[in-house]
Amino acid sequence: MKKRMSMKPMVLSLAVLCTILGFAGVGAAKYPGKPIKLMVPYPPGGASDFQARIVTMLAQEEKYLGQPIVIINKPGAGGMVGWNWFVESAPKDGYDLNAYNVPHFIAQSIVYPKKAKYKIGTKEPIANWGADPAVLIVPRDSPFNSVKDLVEYAKKNPGKVTVSGGGNFIGHHIALIQFNRAAGIQTTHVPYAGGVPALVAVVSGEVMAGFNNSSDAFRSKERLKILAVADLGRCPFLPDVPTLKEAGYDVDDTSNNFRGIAAPAGTPAEVIAKLADVFPKMFNDKIVADKMKETGCVLDVIPRAKLKEKWVKTEALLKDMFKDLIQE
Amino acid sequence: MLEGIICVIENLHHVFMLSNLLVLILGVVGGIILGALPGVSPTLAVALLVPFTFYMEPASGLILLGAVYTASVAGGAISAILINVPGAPANIATLIDGYPMARSGHAEAALYTCFTSSFIGGMFGMLILITLTLPLAEFALKFRSTEIFWICILGLTVVASLGTGNMIKALISCAFGVWLSTIGSHPTTGEFRFVYHDMLIGGITIIPALIGLFAIPQVFSLVESYGLRRTVIQFQRERGILGKTILHVLRMFRVQTVGSIVGTIIGLIPGVGGAVAGIVAYDQVKKFSKHPERFGTGIPEGVAAAESANNAMVGPSLVPLLTLGIPGSPTAAVLLGGLLIHGIFPGPDLFRLHPQIVHTFIGGLVLAQAGMFIFGLAISRYSNWVVRVPDLTMSISIIVLATFGTYCVQNSFEDVLMAVGLGFLIYIGSKFGFSPMPIVVGLILGSIAENAFLKAFIIAKAGPGFLRHFFTGSINIVSILICAASIGYGIYSGRKGSKKKIQFTKSDTIVSIVILGATLLIYNSLKAQDFLTSIFPAATLIIMGGLSLLLFILTLMSLRAKKEAAPGPRTAFPFPKVLATGLLIVVYLYALNILGFYFTSLIFYAIFPIVVPLEKGMVFRQLPYKILTAVVFVATLYVLFKIVLKVQTPTGLFF
């Protein structure tokens, strides 16, 4: 009798223990076993934020990750606050990912080697979801009707042409530096706190021209003239706008704002392999692709292997471009 | 003009669909509650709800976001009035008179005044949005960098007349706030200034600083006065107070007109926002009043001015977004994301391509104003519950809420530390006659002013030249004239009231020397920067140093003039209690990351009364009530934010 009485709780606790261990075992074997956090280093509502929300909206479906992705915003210093936190403090177990913006983070790592705690080696690229090329815009009533008009004026009046952009060392600024070099002109760069105020400055005629996001410029096209796009090919929703290359100025797609997902260096290889396999499929899902199209964003899915090459190439280009600007 | 109204009315039946109406009510009630939590600004409230609209019909989703926006702006006044901590920057002017009203037993009247004025201002703003959209869009584009710079300077001059205390100390605090805004990476040039620690790379974020500056001194003042002020105000609910208050508010014709017009104009200016609207309206109403000296003592006019202005801003702030596709405020930027997700491109095409959705959205906003009014009044009835919470429980709750609010703004524990640090600093400062309001105004306007100044400066150098660029243009000239008038009035009224107002004490000599020394040290750390990066902070520090020198000289002069240093009413300062509270806050913050936010908060409720030595038997008095309060409070936060809205908090071993 006595034995049986004491057996019962023991069996019960054993069963509970097995269940817990079983779950733990399953959890360890099957990644992901809980929701994944995706850190976006920009405030909610911006293009990077809402695109991140769109491209990850299907994560919970069994055919992809089977777990939801939760967006965490950590804005500040043009992304530096979030990315610094990410490489210094984020757990490397695959449950903490971040959204990256290239060329921004690479440019920061070159210009501010002390303040920025990251460089391309500290992040493992997973997959790229989108690209937002910079476009050259002027106000609707501007006397410039083509890139040529602007270049001719700038040649006669060095430094007089004011060109707005969303901040220093981001895509817009890089496009302007490339354009200045290719056309052999001098212009005055006017950095604004973000793409939208920089766009307003062109619409209101505060500045004479600007480099801005193609998607934002497209929405304001009735109040602007879009002269050229700084990309290798034309923009699908701006088919009449030539590339700078077509207009005769040798500018490539370095300034193109690429957005995608990265994991911290040190994340287990099998986790990265799984994510690198799932994410491109998820980005190309018809539901995601349609939603991106509706919002006027260009879907540009680049898999991990190609992305790695691209980052190395971009870093080399930017190192050359900013070699005189490096700050301690 | 009128066709706008007709279109909105024609589409109103879409809002009245049962599902949309439910969404509207949910948005309004949720918005008021979210807005009332310090730290959950309208921007954050809307951002938290955007993911919920992914799977809704576009119209319902937009009604939800519009309702939350409208209601959270008004909701921010609740915490300003009841606990002296503004829910968002837009409500800082509300607490100047709102909290004194609540402290003297008129919390309910203050809230009724607030929601009635919010409704009047809000409807005025909506009417402007509906009837004058296109001309206003053109007007909004006239505000370029120089115009915004001058408007900011105007806002900064208001600081001098805002407080009732020492004007020079207010200006020093304001300069300190402007300096705080220059810390970290500059948003346009990307250069770094005053980064003494890596924590400061992102700079001082406005909302966490706002909460720290108001909440921490409030906690200490509750702890200090505990046991001293045994006369806890017990008051009867006045009969018919609702009707009386509404009638009274309706009679404040001039206050409402000034508030609504100021709110509308400032709402249109891209990037300036509600904080400025409230302060400028409050200041104007005070200057035009027959009894300016009564402002700040708890009069309904003060609450009415601030609240009608910050709600009048809501409608016009959407004009640039809806007509040009350009968000004029951070909240509008989040709304833009919400629109884009549904494939709706705001901009010139919007009214042509999606007239039904736009007009349903605007109709929803109008109805949300009405909903905010009705539910706001209903919630106000229960304000006594909050007023009756014992000071001890209240101070713990303020610490927990403030920590939560500062953390969730951008998921940053550094923000919490900075907020509490600033709070400790201003608490010490408050012992020497400094107050948080001017610091916050400086912090908010400083970065806007600097950004505008730098851009205008670069453009002026490339083209028109400095003088022509800054001092021509009708809006510039008008702003400069108002600035001059404001400063002139400040000096005039300061001199008129100088006999009783500005008092200097012996400690001011030491205070001014300490500030001067600190200013010199800070200035010294700036010298290695290039011209564009350093000009604005350098000018700020020179002004701050000059002001502290002025304070020193004036103190010496006034002390020599009248030998007797007026000793204030001396009360025993409960040093052990205050020190224990301060230490406990530090321990609490330390434990958060180890044990998790919700768990630590529960423990904190239990430990605080034991560690902070208050009266005998305090721990056990009303024990069940206290346990219930703590559990309900923390559980509500947990369910609402962790489970429903998926907000992150520090998690450690527990939850």
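# Chains A and B: the interface and selected sites

In this predicted model, four residue pairs are found in polar contact across the interface of chain A and chain B, both residues of each pair being at pLDDT 80 or more. The side of chain A that touches chain B draws at least two residues from each of several elements, namely helix H2 (47-55), strand E2 (69-73), helix H3 (80-89), strand E7 (188-191), helix H7 (195-203) and helix H10 (286-294) of chain A. Of these, E7(A) gives the largest share, with four residues. Sorted by class, this side of chain A has 20 nonpolar, 15 polar and 13 charged residues.

The extent of the contact can be put in residues or in area. Chain A contributes 48 residues to the contact and chain B contributes 46, and between them the two chains bury about 4200 Å², 62% of which lies on carbon and sulfur atoms. Within the area that chain A buries against chain B, A:Glu206, A:Arg219 and A:Arg223 supply 16%, more than any other three residues. One salt bridge is found across this interface; A:Arg223 forms a salt bridge with B:Glu138, in which the closest N and O atoms are 2.9 Å apart.

A further point of contact between the chains appears at B:Asn451, a residue of helix H23 (residues 436-462) of chain B. Because its relative accessibility is 11%, B:Asn451 counts as buried. Apart from its neighbours within four places in sequence, B:Asn451 is in contact with A:Ala193 from chain A, and with B:His186, B:Pro187 and B:Thr188 from its own chain.

Chain A can next be taken as a whole. Its secondary structure comes to 11 helices and 11 strands, and its C-alpha atoms fill a box of roughly 105 × 45 × 30 Å along the principal axes. Of the 328 residues in chain A, 59% are buried. When contacts in chain A between residues at least 6 apart in sequence are considered, 77% of them join residues at least 24 apart.

Within that chain, strand E3 (residues 96-102) holds A:Asp96, a residue that is buried yet has no salt bridge. What is the nearest side chain of opposite charge to A:Asp96, and how far away is it? The side chain in question is that of A:Lys37, at 4.4 Å, and since a salt bridge needs the nitrogen and the carboxyl oxygen to be within 4 Å, the pair of A:Asp96 and A:Lys37 does not count as one. A:Asp96 does touch A:Lys37, along with A:Trp85, A:Phe86, A:Ala90, A:Pro91 and A:Pro264, when residues up to four places away in sequence are not counted.

Following the chain onward, one comes to a cis peptide bond, which joins A:Val102 and A:Pro103 with omega at about 15°. A:Pro103 is found in the loop between E3 and helix H4 (104-111) of chain A. Helix H4 of chain A is mostly covered, eight of its eight residues being buried; these are A:His104, A:Phe105, A:Ile106, A:Ala107, A:Gln108, A:Ser109, A:Ile110 and A:Val111. The elements against which the buried residues of H4(A) pack are H3, E3, strand E4 (123-132), H6, strand E10 (257-264) and helix H11 (304-321) of chain A.

Two phenylalanines, one in each chain, deserve a look at their backbone. Most residues other than glycine have a negative phi, and most peptide bonds are trans. A:Phe169, however, has a positive phi, near 65°, and is found in the loop between strand E6 (162-165) and helix H6 (171-183) of chain A. With a relative accessibility of 7%, A:Phe169 counts as buried. In chain B, B:Phe194 also has a positive phi, near 55°, and is found in the loop between strand E2 (192-193) and helix H10 (206-225). B:Phe194 counts as buried because its relative accessibility is 5%.

The last site is B:Ala304, which lies in helix H14 (residues 300-312) of chain B. B:Ala304 has a relative accessibility of 0% and so counts as buried. Leaving out residues up to four places away in sequence, B:Ala304 touches B:Thr113, B:Ser117, B:Met252, B:Val255 and B:Gln256. B:Ala304 and B:Phe115 are 189 residues apart in sequence, yet their C-alpha atoms are 8.7 Å apart in space.

Note on methods. Residues are numbered from 1 along each chain as its sequence is written. Chains are lettered from A and ligands numbered from 1 in the order in which they are written. This is a predicted model: local features need pLDDT of at least 70, side-chain atom pairs count only at pLDDT 80 or more; totals for chains, interfaces and linings use all residues. Side-chain values use heavy atoms; hydrogens and water are left out. Contact means heavy atoms within 4.5 Å. Buried area is the accessible area (1.4 Å probe) that two parts lose on being put together, summed over both. A polar contact is a pair of N or O atoms within 3.5 Å; within protein, one must be able to donate a hydrogen and the other to accept it, and residues adjacent in sequence count only if both atoms are side-chain atoms. Ala, Val, Leu, Ile, Met, Phe, Trp, Tyr, Cys and Pro count as nonpolar, Asp, Glu, Lys and Arg as charged, and the others, Gly among them, as polar. Buried means under 20% relative accessible area, exposed over 50%, partly exposed in between (1.4 Å probe, protein chains only). Lys and Arg count as positive and Asp and Glu as negative; His and the chain ends are not counted.
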